[in-house]
Amino acid sequence: MKKTPERIEALAAEFVLGSLRGAARRRFEQWMMESARVRREVWFWEEKLGALAEDVPENQPPASVWKNIERRLWGAQEQPTQAEVRGIGRWFWPSWSLLATAAVLVLAVVMVQQPRPAGEQLSGAIVQANLEDPLWLVSESGAENLLKLRSIAASEAEAGKDYELWVVPEDGQPLSLGVIPAGGVHRVRLSDEAREALSRSRTLAISLEPAGGSPTGAPTGPILHVTKLYSL
Amino acid sequence: MAQTDADQDQLMRLLMKIAQQDRRAFQELYEHIAARMFGLCLRLSGQRELAEEALQDAFIQIWHRAGEYHSDRGAPLSWMMTIARYRTLDLIRARKARQAVSDEDLNELDDGREGPLEFSVRESGAEKLTGCLDELSDVQRDSILLSYYRGFTHEELAQALSSPIGTVKSWIRRGLMALKRCLEQ
């Protein structure tokens, strides 16, 4: 289906309202990842219809909700002063200040949190807030364990540097998928470990590394992009 | 309750701290908005247990996604409420938790909630939206509000409003487009 302005307008409104369901909803989520115009239309409605939420009376949730949030995020230790941070935080968040300084504001477009039905393929886009087009489109072809990156608006890394692609697992250190070029179509074969981790976390990251890739096996440069894939 | 700019500035500062893994800021945010958010989850689902789970999930998403917020996405509170609303709708769908709708549900549900059309949208800070809603036909406005506050599907709306699905769909579509034209004026 073509993305005509009229269709974008009508579907975005129904997406936000919630009346767009099933396959049509999933197709529209794909549109959101592909097009900044579609995202802006969705945000328009999220803000406008969001005003309706202001009318709903407050209701104090039971204390168990906050306890469960703490437990799910940080396990047994509940002291907010503890510096230890799990998983992605260990390496991603220290880089946040670098990111902010460099004003490379990245946005991961769509997060779908439902469990992934068997046989579905992951896809997504790596986007940058100030660019209309995505940098790369990512898609998975499950049968061969291949991940395909199609370059759209990505530009070359600075001299002496390369982009390196990572799977960010739910826990533990990121797994390298190697250096990726800025142009053309690039295919990466996933190891069973990488595929398993990606299937669970659905999260990819790109870091800027010395030419040839990280010398240590873990990201050493700034994390430029983090994106969440979703299943088709 | 209308959000003042000062409230939104404070929420923005908290989000920035949360993006840097500040747990105290996260707790402060929770204390600030949890009751409002829970009210919305509860109204949408009509089930405390589901609403509690949606609230938990929403805050966990906010913890992980605080760095993604930017001003194009609307005010910070509206961004966070949207996360909670989508999560609640997901859970409702995932569990097929909706009970069959009957005409009585429109005004009084057996869980004691008010009907969606009984509480006034006129008292809100959203005068512009409210004014535009007033310009819609009754059926258009009711369809939109029932979808928004109750997460009704087209099928449920058709049943609740005793009308064919095609008619309900066109009420929603035309109502939303009329709303947009009005909001853009």
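Reader: How many other C-beta atoms lie within 10 Å of A:Glu196, which is partly exposed?
Author: This is a predicted model, and in it A:Glu196 belongs to helix H7 (residues 192-201) of chain A. A residue is buried if 20 or more other C-beta atoms lie within 10 Å of its own, and exposed if 12 or fewer do. A:Glu196 is partly exposed because its number of other C-beta atoms within 10 Å is 14.

Reader: What distance separates the C-alpha atoms of A:Glu196 and A:Pro169?
Author: Along the chain, A:Glu196 and A:Pro169 are 27 residues apart. In the model, the separation between their C-alpha atoms is 8.9 Å.

Reader: Which strands of chain A does H7(A) touch where it packs on the sheet?
Author: The sheet in question is an open one of four strands with antiparallel pairing, in the order S5-S4-S7-S8 of chain A, and its twist averages 25° from one strand to the next. Within it, strand S4 (residues 161-167) of chain A pairs with S5(A) over four bridges, one pair of bridge partners being A:Trp166 and A:Ser176 in S5(A). The direction of H7(A) makes about 100° with that of S5(A), and the strands of chain A that H7(A) touches are S4, S5 and strand S7 (203-210).

Reader: Which strands of chain A stand at the edges, each with a single partner strand?
Author: In the order S5-S4-S7-S8 of chain A, the sheet is open. Two of its strands have one side left without a neighbour in the sheet, because each has a single partner strand, and these are strand S5 (175-180) and strand S8 (223-228) of chain A.

Reader: In what order do five strands of chain A form an open sheet?
Author: The secondary structure of chain A comes to seven helices and nine strands, and the pairing in the five-stranded sheet is antiparallel. Its edge strands, each pairing on one side only, are strand S6 (185-189) and strand S9 (230-231) of chain A. Read across the sheet, the order is S6-S3-S2-S1-S9.

Reader: How many bridges join strand S1 of chain A to strand S2 of chain A?
Author: S1(A) also pairs with S9(A) in the antiparallel sense over two bridges, and there A:Leu122 has A:Ser231 as its bridge partner. Towards S2(A), A:Gly124 stands opposite A:Val138, while A:Ala125 has A:Leu137 as its bridge partner. Strand S1 (residues 122-126) and strand S2 (residues 136-141) of chain A run antiparallel, and the number of bridges joining them is four.

Reader: How many of the residues of S1(A) are buried?
Author: For chain A as a whole, buried residues make up 38% of the 232 residues. S1(A), by contrast, is mostly covered, and of its five residues the number buried is four.

Reader: Which element gives the most to the side of chain A that touches chain B?
Author: The contact takes 44 residues from chain A and 54 residues from chain B. On the side of chain A, the elements that give two or more residues are helix H1 (5-17), helix H3 (36-50) and helix H4 (63-74) of chain A. The residues on this side divide into 24 nonpolar, nine polar and eleven charged. With seven residues, the element that gives the most is H3(A).

Reader: Which helix gives the largest share of the largest nonpolar core?
Author: This core has 102 residues, and those with the most contacts inside it include A:Ala12, A:Val167 and B:Leu55. Leaving aside neighbours within four places in sequence, B:Leu55 is in contact with residues of both chains, among them A:Pro61, A:Val65, B:Met37 and B:Cys41. The largest share, eleven residues, comes from helix H2 (residues 23-45) of chain B.

Reader: Near what value is phi of B:Ser162?
Author: Most residues other than glycine have a negative phi. B:Ser162 is found in the loop between helix H7 (154-160) and helix H8 (165-184) of chain B, and it counts as exposed because it has 7 C-beta neighbours inside 10 Å. Its phi is positive, at a value near 50°.

Reader: Over which residues of chain B does pLDDT stay under 50?
Author: The mean pLDDT of chain B is 81, and 80% of its residues reach 70 or more, while the predictor gives the complex an ipTM of 0.80 and a pTM of 0.59. One stretch of chain B, for which the model has 40 contacts beyond four places in sequence, stays under 50, namely residues 97-125.

Terms used. Residues numbered from 1 in each chain as written. Chains lettered and ligands numbered in written order. Predicted model: local features only at pLDDT ≥ 70, side-chain atom pairs only at ≥ 80, totals over all residues. Pairing = 2+ DSSP bridges. Contact = placed C-beta atoms within 7 Å. Nonpolar A, V, L, I, M, F, W, Y, C, P; charged D, E, K, R; others polar. Core = buried A, V, L, I, M, F, W, Y, C linked by C-beta atoms within 7 Å. pLDDT = per-residue confidence, 0-100. Axes fitted to C-alpha atoms, helices over the stretch in contact; angles between N-to-C directions.
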